[in-house]
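Me: Please take a close look at a single helix in this structure, at what surrounds it and at what follows it. Please also set that helix in the context of the whole assembly.

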Number of protein chains: 2
Amino acid sequence: MDAPIGIFDSGVGGLTVAREVFKLLPSEDVVYFGDVGRYPYGGRSKEIITNFTAQDIAFLVEHNVKFIICACNTASAVALDEVARNYKIKMIGVIKPGAQAAAEQTSNGRVGVIGTHATISSNTYARMIHDINPDIKVFSLACPLFVPLAEEGYIDREATYLIAKDYLQTMHDVGIDTLILGCTHYPLLAKVIAEVMGNKVTLIDSGEETARAAYMILAEDGLLNPRMSQKPARQGEHRFFVSDVPEKFSPLATRFLGEPVDKITRVDISGY
Amino acid sequence: MDAPIGIFDSGVGGLTVAREVFKLLPSEDVVYFGDVGRYPYGGRSKEIITNFTAQDIAFLVEHNVKFIICACNTASAVALDEVARNYKIKMIGVIKPGAQAAAEQTSNGRVGVIGTHATISSNTYARMIHDINPDIKVFSLACPLFVPLAEEGYIDREATYLIAKDYLQTMHDVGIDTLILGCTHYPLLAKVIAEVMGNKVTLIDSGEETARAAYMILAEDGLLNPRMSQKPARQGEHRFFVSDVPEKFSPLATRFLGEPVDKITRVDISGY
């Protein structure tokens, strides 16, 4: 099926998920929406986040997407299920794939989850892990400063290391062997987080797991783009839409995606 | 005149301005609007900020306020003048009072300004200082991490000190003797900033200066609340409106205002 895949996020963070999708599914057309005009979602109420998520999805649906990836942990945690009920299009968030990978990975049954205030308050990661294996102990912690640090390029600085140590000391103490990076910004700080947690703790990147899950679902449902089996495989087209001026999206997007981002269109999302 | 004063901000930061207004004008009724549902303004485009500012002001005008204080540096810098033109009500932002105080304070003619990306890009502080005295050299710098650090209570930490040193080293090197805290969050970090800058540099709190300017204008225009001259002077009433659920506003607000905040009402600002 040659319709595009829709991916949305509260801003640029979801591009770390898009990056994995582009790698695994190079022939797919992708429409990405980043709600940079109302970013960030992580500190807002469930009601506001649900309202924003409904508008983001309505926008993607208008583009006749065949499948929607909610690349925002916060929206996945508190709003996606409720909004998805109103549509026939299949949608996945980043929480379930991350939870599944962690449940499979842990040897000692102790898993840590870090994310925004809203993601952690929702307890969605813990619930999903317990659906898979109720015996796993889940320790959840909000690390809100990681988002601005990642955005400001404070990746490998002493200050970032100190803040990570502050945040993660408890995770260390409770003896987790697996840590879910439950926010799309956190993979940018993976090096610092890994250093603080030590080499006995495996980091799970929810974005990476979500791209894999998306691939499986599209394959099972016969929704993969037929271009994929053509030789040579043709590259999909990637289009980007944002809710503020593109100029503010472009430089950060390039850093998060790891390649230059063009074809960025402005959209008035409050009208959806 | 017994109509209330309107104060608005992108979120909780403006409460540091409200605090000064409550101190100087205890008999005035105040309606405060905090746009926490769309916070923060500092990284957004001029167009979005102007649109949000117009809605914030329309909301306050509906409350028959006699005077409006734009307590948000970002909105003051990029949007206030344009929106204010459509109204007869007098309005002030936080930039001009801060600029005036700095121009009067400096002895060596070298002033620093720190603020959000949007405030600094607008160059409004520098322009206003040059309107007063074109010979003053102005050095402007965005310190975007100060906002999340202040909100997360990272006030007196080693990490905050390191980040402040990173940001402010240049300010130190160029030899300013006066530094404008051009963001309502920064007074919360005044201790760290003062320590990094040393005791030869005077910090200007734009919020404090704005409260003084508001007092002067209301007195000149005969708009002070007549209660003020009654003995004993009656306390004004303070009402708070926010664009997300009040529960998320209350704890931060108490920290920023320095006293418990109640009577918080939710408003759907996108309808204005």
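Reply: For 272 residues, a compact globule would have a radius of gyration near 19 Å, and the 18 Å of chain A agrees with this; the radius is taken over C-alpha atoms, and the globule rule is 2.2 Å times the number of residues to the power 0.38. This is a predicted model, in which local features need pLDDT of at least 70 and side-chain atom pairs count only at pLDDT 80 or more, whereas totals for chains, interfaces and linings use all residues. Residues are numbered from 1 along each chain as its sequence is written, while chains are lettered from A and ligands numbered from 1 in the order in which they are written.

The C-alpha trace of chain A spans about 50 × 40 × 40 Å along its principal axes. Chain A has twelve helices and ten strands, taken as DSSP runs numbered from the N terminus (helices: H or I, at least four residues; strands: E, at least two). Of its 272 residues, 55% count as buried; buried requires 20 or more other C-beta atoms within 10 Å of a residue's own, exposed 12 or fewer, and partly exposed lies in between, with C-beta atoms placed from the backbone.

The helix chosen is H12 of chain B, residues 246–257, whose buried residues are B:Lys248, B:Phe249, B:Leu252, B:Ala253 and B:Phe256. Seen down the axis of H12(B), these fall within an arc of 110°, so they line one face of the helix; the arc is that of the directions from the helix axis to the C-beta atoms. B:Glu247 and B:Pro251 are exposed on the face of H12(B) turned away from the buried side. The buried residues of H12(B) pack against helices H1 (15–24) and H8 (146–151) and strands E2 (30–34), E9 (238–242) and E10 (264–266) of chain B. After H12(B) comes B:Gly258, with a positive phi near 80°.

As for the assembly, a rotation of 180° with 0.0 Å of shift along its axis superposes chain B on chain A (RMSD 0.0 Å), by least squares on the C-alpha atoms of residues with pLDDT of at least 70 in both. The two copies are thus related as by a two-fold rotation axis. In chain B, the C-alpha nearest the axis belongs to B:Ala159, 2.2 Å from it. The contact between the chains takes 19 residues from chain B and 19 residues from chain A, two residues being in contact if their C-beta atoms, placed from the backbone, lie within 7 Å. On the side of chain B that touches chain A, helices H2 (46–61) and H9 (158–173) each supply at least two residues, and H9(B) gives the most, with four residues.
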